[in-house]
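Got your viewer open and a selection box ready? Let's walk through this model stop by stop, picking residues as we go.

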Amino acid sequence: MTEIEIRKSQETLSERIAQISELLECSHLLDLDDGDLPQPLSGQEGQQALLQLQQLLDELHSADIAHILEALPLPKRLAVWQLVKVERDGDILLEVSDAVRESLIAAMDGAEIIAAAREMDADELADLAADLPKDLLQELIDSLDAQQRERVQSALSFEEDQVGALMDFELVSIREDVSLEVVLRYLRRFKELPGHTDKLFVVDTDGLLKGVLPIKRLLVEDPDKEVAEVMACDPVRFTADEDAYQAAQAFERYDLVSAPVVDALGKLIGRLTIDEMVDLIREESESEVLNRAGLREEEDIFASVWKSLKNRWAWLAINLITAFVASRVIGLFEGSIEKLVALAALMPIVAGIGGNSGNQTITMIVRAMALDQVRPSNTVRLLRKELSVSLLNGLVWGTVIGLIAWWLYGNPALGGVMVAAMTLNLLLAALMGVL
């Protein structure tokens with residue numbers, strides 16, 4: 001799909017989603033219950049809806065189809081999935097969320113999965129491997145040619161948070177002792193360059209990385225110059241066992257589009273590209289949001305009740321335990337609360353402000369950890385800073401609520417208690433947030 005076609009599909013995506021939804025409503029799919037499997041459409045109206053749906057899906061980008069599939073209940077999702085052309089299955093499976101991908105793969109037979117997987121590159125196969133049945137994965141690997149099999153096994157040998165698991169094997173390498181004119185003639189032999197090719201990788205006869213040749217230099221420099229004269233000799237590079245999140249930070253820091261990946265000896269074995277790094281950053285951000293809500297994994301919004309229950313119960317159980325602990329602490333002061341009913345009305349205010357302050361501290365610390373800014377050498381300074389902020393906030397807002405309590409209940413001692421409670425609560429929230 002060309003850039004113009006992609007831009008057009010983006011502009012009309014909302015209209016296409018509405019059209020697909022309307023076609024689903026007026027077809028036999030409307031009568032399906034959540035437990036039913038999609039049936040082939042029949043009759044003149046059904047066949048017309050089928051053709052229109054097929055045409056709309058053919059015009060949409062794979063990422064847009066993935067978005068539509070995620071927004072449909074399971075029976076309708078599977079019905080639309082059956083209308084997608086087989087050669088596009090692989091691209092769409094890579095675009096949908098893990099939870100939705102699981103439901104789509106479960107609806108495919110072995111032959112369909114293998115046919116879709118054969119259209120993928122080695123790095124894409126490695127991304128999909130975790131969701132495939134083990135016997136089918138082995139059959140798929142055995143069906144690949146020697147080079148593809150070696151690449152897939154290499155990618156699978158790394159942990160999912162390592163650079164090697166995300167590297168792309170499709171790259172263009174050249175020698176340093178040839179002229180730029182020779183390089184240009186060499187590139188013209190390709191039908192198309194690998195995606196996100198902003199530089200060529202310069203290697204010696206042993207495959208060791210010597211540098212990179214940016215495409216912009218190749219186009220503007222004198223064609224008679226040799227590669228060694230214009231290449232960048234010290235590019236940003238990564239080893240296959242490096243942490244992928246640190247690599248993503250480097251991409252952001254140095255505005256990289258692609259970067260070489262080398263082994264322990266410095267031999268070029270692959271490259272990282274900006275699209276993989278963007279996906280990684282997005283997934284990490286989504287994971288943090290889910291963890292903050294106590295969800296263990298991404299959840300299909302149309303998942304079964306049982307699956308959703310299993311994903312959510314643990315955090316609710318923890319919250320129930322902490323709520324019981326809090327209630328017992330309050331129970332210790334039951335006599336004081338009975339004597340001074342105002343305490344019962346003011347306690348939720350202190351608790352709420354303390355919770356918000358703790359969330360602010362946790363958010364700052366998690367961000368600093370993600371950016372690799374928290375180290376043993378600065379932990380004490382960080383703790384001191386957060387405690388100082390909380391102390392000042394506690395005194396300021398504690399004084400505010402103390403004055404309001406004094407004005408409402410005419411009890412200056414109660415106002416003093418509120419100042420102390422707010423200050424101590426915020427200090428404890430900051431301490432726990434940092435720890």
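How are H8 and H10 oriented to each other, oblique or roughly parallel? Select helix H8 (residues 110-117) and helix H10 (residues 134-143) and look along their axes: they pack at an angle of about 45°, 10 Å apart. H8 and H10 are therefore oblique to each other. On the scale used here, angles under 35 degrees count as roughly parallel, over 145 as roughly antiparallel, 65 to 115 as roughly perpendicular, and the rest as oblique. The axes are lines fitted to C-alpha atoms, for helices over the stretch in contact, and the angles run from 0 to 180 degrees between N-to-C directions.

A word on ground rules before going on. This is a predicted model, where local features need pLDDT of at least 70 and side-chain atom pairs count only at pLDDT 80 or more, while totals for chains, interfaces and linings use all residues. Residues are numbered from 1 along each chain as its sequence is written, and side-chain values use heavy atoms, with hydrogens and water left out. Helices (H or I, at least four residues) and strands (E, at least two) are DSSP runs, numbered from the N terminus.

**Stop 1: still at H8 and H10**

Show side chains for Gly 110, Ile 113, Ile 114 and Ala 117 in H8, which meet Leu 136, Glu 139 and Leu 140 in H10; contact means heavy atoms within 4.5 Å. Sorted by class, that contact has five nonpolar, one polar and one charged residues. Here Ala, Val, Leu, Ile, Met, Phe, Trp, Tyr, Cys and Pro count as nonpolar, Asp, Glu, Lys and Arg as charged, and the others, Gly among them, as polar. The crossing of H8 with H10 is right-handed, meaning the near helix is turned clockwise from the far one by less than a right angle (anticlockwise would be left-handed).

**Stop 2: H9 and H11**

Next, pick helix H9 (residues 122-129) and helix H11 (residues 146-156), whose axes come within 8 Å and cross at roughly 45°. That makes H9 oblique to H11. Their crossing is right-handed. On the H9 side, highlight Ala 122, Leu 125, Ala 126 and Ala 129; on the H11 side, Gln 148, Arg 151, Val 152, Ala 155 and Leu 156. The tally for H9 with H11 is seven nonpolar, one polar and one charged residues.

**Stop 3: a covered helix**

Switch to a surface view and find helix H5 (residues 74-83), which is mostly covered, with eight of its ten residues buried. Buried means under 20% relative accessible area, exposed over 50%, and partly exposed in between (1.4 Å probe, protein chains only). The buried residues of H5 include Lys 76, Arg 77 and Trp 81.

**Stop 4: the three-stranded sheet**

Now back to cartoon. Look for an open sheet of three strands in the order S4-S5-S6, with mixed pairing. Its edge strands are S4 (238-239) and S6, each pairing on one side only. Two strands pair if DSSP finds at least two bridges between them; strand S5 (residues 258-262) has five bridges to S6, and the two run antiparallel. Label Val 261, which stands opposite Gly 270, and Val 262, opposite Leu 268. S5 and S6 form a hairpin with five residues between them, and Gly 266 in the turn has a positive phi of about 90°. Five of the six residues of S6 (residues 268-273) are buried, so this strand is largely enclosed by the rest of the structure.

**Stop 5: two loop residues with positive phi**

Which loop holds Asp 255? Zoom in between helix H15 (244-254) and S5, where Asp 255 lies. Its phi is near 55°, a positive value in a residue other than glycine. Asp 255 counts as exposed, at 66% relative accessibility.

Then jump to His 196, in the loop between helix H12 (180-187) and strand S2 (199-203). His 196 also is not a glycine, yet has a positive phi of about 60°. With a relative accessible area of 38%, His 196 is partly exposed.

**Stop 6: Ser 390**

Finish in helix H20 (residues 379-409) by selecting Ser 390. At 2% relative accessibility, Ser 390 counts as buried. Leaving aside neighbours within four places in sequence, Ser 390 is in contact with Ser 357, Leu 426, Leu 427 and Ala 430.

**Zooming out**

Reset the view: the protein chain has 21 helices and six strands. Buried residues make up 37% of its 435 residues.
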